[in-house]
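Here are some short exercises to work through with the model open beside you. Try each task on your own before reading its solution.

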Amino acid sequence: MTSNDINKTIDVIMIAGKILLENGAETYRVEDTMTRIAAHYGLNNTHSFVVPTAIIFSLSDKSETRLMRIDTRTTDLEKIANTNEISRAIAADTMTLDMAKAALHELDQANLQYPLWLKVLSAGIVSFFFLFMFGGTAVDALPAFLAGSISFLIAEYIQLHTRIKFFSEFAAAIIIALIAQLFVLQLGGGSINKIIIAGVMPLVPGVLITNAIRDLMASHLQAGIVKGVEAGLTAFAIGAGVALCLTIF
């Protein structure tokens with residue numbers, strides 16, 4: 001393999017790892033995919049080190065170490081699935097190196113997220129059904145729906161203007177508590193507690209908690225602890241927002 005081919009291979013490996021890590025894949029899955037792609041092209045004894053905010057990859061003495069900073073993270077399972085399909089195509093020799101690089105670059109640039117209105121509507125529907133799961137009544141259905149959808153919209157809007165997730169989740173939790181209090185205290189609704197619990201469900205970091213546990217079980221202790229702390233901060237932001245609103249109002 002020529003030096004140019006090695007550089008292309010590393011480009012493919014780094015882009016694949018970047019897509020997986022940015023869109024919610026577990027740390028061990030990112031490292032495993034990177035190692036498998038390298039091994040397919042005859043690059044053995046490679047070293048990859050992945051944490052939630054960076055990817056480091058090296059071919060030992062054959063090339064310089066590559067470092068890629070990860071600034072944004074979200075959840076997009078479609079991008080993860082498409083990256084896995086490209087990885088399988090590489091392993092099956094149905095996709096050349098240049099084709100794989102072009103496909104991964106296109107996937108990295110693509111916006112596969114659902115439109116904002118649909119995500120807001122889905123958040124409301126999630127809160128609506130969780131309300132009944134937690135023993136709520138039909139009287140609380142509308143405020144639970146509004147709390148889930150409006151708070152999600154607020155969180156998304158704030159997230160566009162700041163990279164600190166704590167603020168967006170804190171503000172969204174305040175909105176949920178305000179809506180619950182408005183309907184129960186002013187309009188004669190049912191249970192404040194159940195409306196709030198249902199409303200915060202779209203904000204709960206379920207994927208983050210799951211990935212933290214799976215990384216810890218796979219002995220990726222640093223990544224697992226970091227994700228666990230991030231999930232804990234999210235839970236604290238939600239709880240603090242609700243508590244502040246209930247205390248003041």
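**Exercise 1. Find which helix gives the most to the nonpolar patch on the surface, and place V229 in the picture.**

Solution. This is a predicted model, so keep that in mind as you go.

Step 1: Pick out the members of the patch. L216, L221, I225, V229 and L233 form it, and together they have about 460 Å² of accessible area.

Step 2: Assign them to an element. Helix α10, residues 221–248, gives the most to the patch, with 4 residues. V229 lies in this helix, α10.

Step 3: Classify V229. Its relative accessible area is 49%. Exposed would need over 50%, so V229 counts as partly exposed.

**Exercise 2. Work out which parts of the chain the salt bridge between K8 and D98 ties together.**

Solution.

Step 1: Start with the contact. The side chains of K8 and D98 meet in a salt bridge, with 3.0 Å from N to O.

Step 2: Locate both ends. K8 lies in helix α1 (residues 3–22) and D98 in helix α4 (residues 97–109), so the pair ties together parts that are 90 residues apart in sequence.

Step 3: Check how open each partner is. K8 has 22% relative accessibility and counts as partly exposed. D98, at 47%, also counts as partly exposed.

Step 4: Set the pair in context. The structure holds 14 salt bridges.

**Exercise 3. Trace the network of salt bridges that joins D11, R66 and K101.**

Solution.

Step 1: Take R66 and D11. They form a salt bridge whose closest N and O atoms are 3.0 Å apart. R66 lies in strand β3 (residues 66–69) and D11 in helix α1, so this pair ties together parts that are 55 residues apart in sequence. With a relative accessible area of 26%, R66 is partly exposed.

Step 2: Take K101 and D11. Here the closest N and O atoms of the salt bridge are 3.1 Å apart. K101 lies in helix α4 and D11 in helix α1, so the pair ties together parts that are 90 residues apart in sequence. K101 counts as partly exposed at 30% relative accessibility.

Step 3: Put the two pairs together. Salt bridges that share partners join D11, R66 and K101 into one network.

**Exercise 4. Describe the lining of the second largest pocket by element and by residue class.**

Solution.

Step 1: Begin with the space. About 220 Å³ lies in the second largest pocket.

Step 2: Find the lining. R29, D32, T33, R36, I37, H40, N84, S87, R88, I90 and A91 line this pocket.

Step 3: Map the lining onto helices. α2 (27–40) and α3 (77–91) each supply at least two residues of it. α2 gives the most, with 6 residues.

Step 4: Sort by class. The lining divides into 3 nonpolar, 4 polar and 4 charged residues.

**Exercise 5. Is Y41 buried or exposed, and how far is Y41 from I15 in space?**

Solution.

Step 1: Locate Y41. Its place is in the loop between α2 and β1 (47–51).

Step 2: Apply the cut-off. Buried means under 20% relative accessible area. Y41 has 17%, so Y41 is buried.

Step 3: Compare sequence and space. Y41 and I15 are 26 residues apart in sequence, and 16 Å separates them from C-alpha to C-alpha.

Key
Residues numbered from 1 in each chain as written. Predicted model: local features only at pLDDT ≥ 70, side-chain atom pairs only at ≥ 80, totals over all residues. Heavy atoms only, no water. 1 Å grid on protein atoms, 1.4 Å probe; cavity = no way out; pocket = protein on both sides within 12 Å on 5 of 7 lines; lining within 4 Å. Points joined across faces, edges and corners; volume = space filled by probe spheres on them. Nonpolar A, V, L, I, M, F, W, Y, C, P; charged D, E, K, R; others polar. Patch = residues over 30% accessible without salt bridge, like charges linked within 9 Å, V, L, I, M, F, W, Y side chains within 5 Å. Areas by Shrake-Rupley, 256 points an atom, 1.4 Å probe, with all protein chains shown as cover. Salt bridge = Lys/Arg side-chain N within 4 Å of Asp/Glu carboxyl O. Buried < 20%, exposed > 50% of the residue type's maximum accessible area, 1.4 Å probe, protein only.
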